[in-house]
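Welcome, and please open your viewer. We will take this tour one selection at a time, so keep the sequence panel in sight.

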Amino acid sequence: MDNTQSVISFDNTEFAFEYKSDQQLKKARFLFSMMGKPWMVKMGTRLAPWAVKVGLPVKGLIRKTIFAQFVGGETLEQTAEVAKVLGNYHVQVILDYGVEGKEGEDNFDHACEEFIRVINYAATQPNIPFMSVKVTGFARFALLEKLDTLMHEGEGTLMKRYLHAVELLPAEEKEEWHRVRHRVMRVCGAGAEKKVGVFIDAEETWIQDPVDALTILMMDTFNKERCVVYNTLQHYRHDRLKFLHDCYEAAVERKFILGAKLVRGAYMEKERKRAAEKNYPSPIQPDKESSDRDYNAGVKFCIDHIEQVALVVASHNEYSNLYATQLLREKGLPLNHPHVHWSQLYGMSDNITFNLAHAGCSVSKYLPFGPIKDVIPYLMRRAQENTSVKGQTGRELGLINKEMARRKKG
Ligand SMILES: Cc1cc2nc3c(=O)[nH]c(=O)nc-3n(C[C@H](O)[C@H](O)[C@H](O)COP(=O)(O)OP(=O)(O)OC[C@H]3O[C@@H](n4cnc5c(N)ncnc54)[C@H](O)[C@@H]3O)c2cc1C
């Protein structure tokens, strides 16, 4: 399709909410107005995890409200129904078995099997080209933290520091890390075999170096012919643009396709707080403008090197999403270029997703699923994001109100 000339607007709420009934829109409006009250979010994010943990009967309420807005379902089967609905509007899906913070070898093995089950399922569906994983789902957090510290003490390239750090681990932990690598390898291998892309999420900076090194090793193994494995780069970090350039050079040298999912980042408050408490320079950009500048520069860099880089614009920022379409247009490249994909979180920025889909872009919703108690950390991040991100709640409410008024008139 030659859609290089089409003009995209994110204002069309009819496309944006076509998949939602009036009732669902009303529920979304109620939820976003609650999340617009910082005191409510502060209280909710403290009480909800505790209430679920001690077994208070709050699951029904959570299921009907924030869970329904941001999560596909408690099981893969339930989530498949949501994925089908999105598929009807040419919106693809990134599945994420959203269990977080579970430690123990049995849980790590279980997560690995579950992710392979997700890949096998995704391979049978027309609109599930990717799935997403967190390395903390396969590895003890303290082990990642230890490796990260050892890497920081080392010298040379990321890969050199990584190999050296693994060597420094005591035999038992080396064995434990070997099992982590094996799990990640199995998941990426299954993705390669079934042609389902694997996104490796970015998490806290104090565990990120080993995650980056492991992901680059996976890209070097699986991304020779096509892009299977994608790393995530958080541009709220002031060092990520340079890291993107370094990864590109590694990709050229080792002849693999660099999978780059670009995000701004979800742990800003936590990062700043830790840096202040432990008295080290914050890894976060000094202000929002700097995050935006580096993010957009990252998008441009990837599109400038699109033969070698597979880009995922993972953002709710209207300018950044549009900017990627403009760059493609300027280069005379199609909006459905196989190395460019857009993605937004399920429950947010439908105006971007559905209008991009309408314009012929390859676009998806990031759709987590899992038991309520396990997806609580994800839900709390969404609640905080929708309060703390300047204007996000207002933006969502404005769009919902506009669409409700349009339907009323109609
Ligand atoms: C599909 C998808 C996958 C994602 N995966 C990950 C992941 O693996 N890891 C991860 O960490 N995040 C991830 N995110 C991103 C994250 O969850 C937020 O959605 C994202 O940071 C919000 O930014 P935005 O690009 O939507 O733009 P905007 O709404 O324009 O920007 C908000 C963001 O800007 C940054 N910011 C805000 N204020 C400041 C400030 N004062 N100084 C510096 N920076 C500031 C913060 O990152 C904030 O979240 C993902 C997002 C999507 C859509």
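**The whole chain**

Begin with the protein chain in cartoon view: it has 17 helices and 8 strands. Helices here are DSSP runs of H or I with at least four residues, strands are runs of E with at least two, and both are numbered from the N terminus. This is a predicted model, where local features need pLDDT of at least 70 and side-chain atom pairs count only at pLDDT 80 or more, while totals for chains, interfaces and linings use all residues. To find your way, count residues from 1 along each chain as its sequence is written.

Now show just the C-alpha atoms, which fill a box of roughly 70 × 55 × 45 Å along the principal axes. The radius of gyration of the protein chain is 21 Å, which agrees with the value near 22 Å for a compact globule of 410 residues. That radius is taken over C-alpha atoms, and the globule rule is 2.2 Å times the number of residues to the power 0.38.

**Next stop: the ligand**

Select the ligand and the 27 residues around it; Asp201, Arg264, Ala314, Ser315 and His316 come nearest. A residue counts as near if its C-beta atom, placed from the backbone, lies within 6 Å. Color β4 (229–234), α13 (288–304) and β7 (340–345), the elements that give two or more residues to this shell. Which element gives the most to the shell around the ligand? It is β7, with 3 residues. By type, the shell divides into 11 nonpolar, 11 polar and 5 charged residues. Here Ala, Val, Leu, Ile, Met, Phe, Trp, Tyr, Cys and Pro count as nonpolar, Asp, Glu, Lys and Arg as charged, and the others, Gly among them, as polar.

**From the ligand to a helix pair**

Keep α13 and add helix α11 (residues 240–254): the two pack at an angle of about 15°, with axes 9 Å apart. Axes are lines fitted to C-alpha atoms, for helices over the stretch in contact, and angles run from 0 to 180 degrees between N-to-C directions. The pair is therefore roughly parallel, a label for angles under 35 degrees. Show Arg240, Leu241 and Leu244 of α11, which meet Asp294, Ala297, Gly298 and Phe301 of α13. Contact requires C-beta atoms, placed from the backbone, within 7 Å.

**Last stop: α6 and α9**

Select helix α6 (residues 105–122) and helix α9 (residues 171–194), which pack at about 5° with axes 9 Å apart. That makes α6 roughly parallel to α9. Among the residues making the contact are Phe108 and Phe115 of α6 and Arg183 and Val187 of α9. This contact divides into 7 nonpolar, 2 polar and 3 charged residues.

Terms used
Angles under 35 degrees count as roughly parallel, over 145 as roughly antiparallel, 65 to 115 as roughly perpendicular and the rest as oblique. Two residues are in contact if their C-beta atoms, placed from the backbone, lie within 7 Å.
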